[in-house]
Each structure stands twice: as C-alpha cells, then as structure tokens.
Amino acid sequence: MVDAVREYHVKDEDEKFVSLPERSDDYIQDLVVSQLERLKGIWKKAQPKVKENGEIESASEIEERMIVDREKTEKVARAATRRRSWFDRRKETLVRIVSIKREQNEADCFIWEWLLDLVETLGEDGMSSDESEIDDRTATVIYRVKNMPWRRTISEEMDLIDKQRATAHIFSKKGSKPMPRMRGGGESRRDEVEELPKGIYNKDWLKKLPLSSKDDFKFSPKKFQWLKIWPENHGK
C-alpha cells in the first residue's frame with residue numbers, strides 16, 4: 001500500500017509532477033490507515049437504521065440524519081474555536097498589562113499577575129461555552145455565554161479582562177473584533193474538566209458529586225490561592 005501511494009504521487013521530473021516530501025514508510029502508512037478509518041466511519045453512518053416504528057430508514061431520511069449530525073459536529077467545532085480565541089485574547093491582554101504594570105512598578109500589578117495565572121490555569125477548556133442567536137432588535141449575531149456548574153464563578157474576573165482589552169488603549173484597533181457576548185445562556189452541557197487545581201472548582205458542585213465519582217476525580221497537584229479582588233459588598 002505504501003509503495004502504491006509513493007508510485008501515485010511521485011512522477012518523473014519531465015512530467016512536472018510535484019513529489020511528496022520525504023516521509024518514512026510508517027508515516028505514510030499511518031496517514032493512509034487514518035483516512036481509511038475516517039471513510040469507514042462515514043460509511044457506517046450512511047447505513048440505514050431501524051426507526052422506532054420498526055421500519056428501515058429511507059435514503060432521504062439517511063441523508064437528513066447525516067446532515068443533522070454534520071451540523072452538530074460543526075457547531076461543536078465552532079464553539080471550541082471560539083473558546084480558544086477567547087483564551088488567546090485574554091492571555092495576550094494580561095501578558096501585555098502585566099508587562100506594563102511591572103515596568104511602571106504599579107501597586108496593583110499583583111492583581112493582574114493573579115488574573116494571568118487564573119487564565120493560564122483554566123486553559124482553553126476552562127473557558128465558558130456560548131451559543132449564537134440573532135438579536136431581534138439589531139438583527140445581529142450575539143453569543144449567549146453558558147454557565148459551567150463545575151467551575152467556580154469567575155464572570156466578573158473575565159469581564160474585567162475583556163473590558164481592559166476594549167478600553168485600555170494598549171492594542172491596535174485594526175483587525176477583527178470579537179462578536180458581542182452576553183451572559184445568561186443557561187448551563188453548559190459540556191463535561192467538567194479534570195486535573196485542575198481544587199480551588200478552581202465550585203465547592204457546592206464538588207459536594208454533590210457521588211462518592212464513586214469523587215474517588216475517581218483527578219485534581220492537579222498545583223495549589224491555587226483565590227484572590228479577593230473586590231470587597232464583600234461588591235455588586236450589591
């Protein structure tokens with residue numbers, strides 16, 4: 001199989017066919033096998049299933065089911081991309097702010113260092129999910145941020161970072177801007193993220209975990225000390 005792939009891609013220079021870059025036989029074999037596995041999965045999904053009434057799916061029903069499945073997969077992928085973008089933006093914002101605060105020896109630098117540590121500790125998977133919808137008033141796309149019940153509430157901390165990005169005048173106004181995000185999108189259906197410091201998790205959520213889950217749940221050995229940025233009566 002490997003030889004066949006090489007023979008297909010590699011032609012004489014006279015035919016001006018671009019050859020494959022140098023790769024090992026194992027690499028090419030893994031590439032071919034992974035593609036075959038992907039095609040096998042698609043083929044399986046395309047097989048007719050038995051409906052609740054005992055009838056076999058028609059060709060049009062199979063097509064409709066596969067379209068729905070593909071849309072779900074693409075939706076999950078888009079949400080993951082947005083989480084990654086928010087993580088990158090927040091980290092970049094905090095790195096820049098911390099650098100400026102240190103250079104100017106400002107007293108509140110430790111707060112921004114802590115926020116940077118928080119974002120880096122959460123990682124991409126620790127960022128909130130969201131779902132898109134059309135604003136009836138403006139007819140524009142907005143994103144409703146979903147609450148992650150397993151994670152300690154950090155909405156004010158994240159909003160503070162995002163506000164700095166928009167108002168601190170430390171970034172160029174050029175380039176694409178993030179779509180509007182609003183809170184109140186309900187609870188996220190994503191599974192909890194393991195191997196984070198225990199201080200990142202919602203204490204009430206941890207208490208409600210079944211004993212079997214508590215025993216198997218994995219925490220990071222890192223100690224994360226929570227910092228109270230605002231006074232107790234903040235926001236009341």
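Me: Which residue has its charged end over the ring of F219?
Reply: That residue is K198, whose charged end is 5.5 Å from the centre of the F219 ring (the criterion is NZ of Lys or CZ of Arg within 6 Å of the ring centre and within 35 degrees of the ring normal). This is a predicted model, in which local features need pLDDT of at least 70, side-chain atom pairs count only at pLDDT 80 or more, and totals for chains, interfaces and linings use all residues. Residues are numbered from 1 along each chain as its sequence is written, and side-chain values use heavy atoms, without hydrogens or water.

Me: Which aromatic cluster includes F219?
Reply: F219 forms one aromatic cluster with W150, Y201, W205 and F217 (rings of Phe, Tyr and Trp, the last by its six-membered ring, pair if their centres lie within 6.5 Å; planes under 30 degrees apart are stacked, over 60 edge-to-face, the rest tilted).

Me: What does E192 touch?
Reply: Leaving aside residues up to four places away in sequence, E192 touches W150, W205 and F217 (contact means heavy atoms within 4.5 Å). W150, W205 and F217 also belong to the aromatic cluster. The C-alpha atoms of E192 and W150 are separated by 6.1 Å, although the two residues are 42 residues apart along the chain.

Me: Where is E192, and is it buried or exposed?
Reply: E192 lies in the loop between β3 (181-187) and α6 (203-208) (helices, H or I with at least four residues, and strands, E with at least two, are DSSP runs numbered from the N terminus). E192 has a relative accessible area of 34%, so it is partly exposed (buried is under 20%, exposed over 50%, partly exposed in between, with a 1.4 Å probe and protein chains only).

Me: How many aromatic pairs are there in the whole structure?
Reply: A search of the whole structure finds nine. In one of them, W114 and W226, the ring centres are 5.3 Å apart and the planes are at 85°, so this pair is edge-to-face. W114 belongs to helix α4 (residues 109-122) and W226 to the segment after α7 (211-216), so the pair ties together parts that are 112 residues apart in sequence.

Me: Are those two buried or exposed?
Reply: W114 counts as buried because its relative accessibility is 9%, and W226 counts as buried because its value is 16%. W226 also forms an edge-to-face pair with F224, at 5.7 Å centre to centre and 65° between the planes. F224 is buried as well.

Me: Changing topic: which residues of α5 are buried?
Reply: The buried residues of α5 are E157, M158, L160, I161 and R165. Seen down the helix axis, they fall within an arc of 155°, so they line one face of α5 (the arc is taken from the directions from the helix axis to the C-beta atoms). On the other side of α5, K163 and A166 are exposed.

Me: How far apart are R165 and T93?
Reply: R165 and T93 are 6.0 Å apart in space, C-alpha to C-alpha, and 72 residues apart in sequence. T93 is found in helix α3 (residues 59-103). With a relative accessible area of 1%, T93 is buried.

Me: What comes just after α3?
Reply: Just after α3, N105 takes a positive phi of about 55°.

Me: And the overall fold: how many helices and strands?
Reply: The protein has seven helices and three strands, following the pattern α-α-α-α-β-β-α-β-α-α along the sequence. Of its 236 residues, 26% are buried. Among contacts with a separation of 6 or more, 63% join residues 24 or more positions apart.
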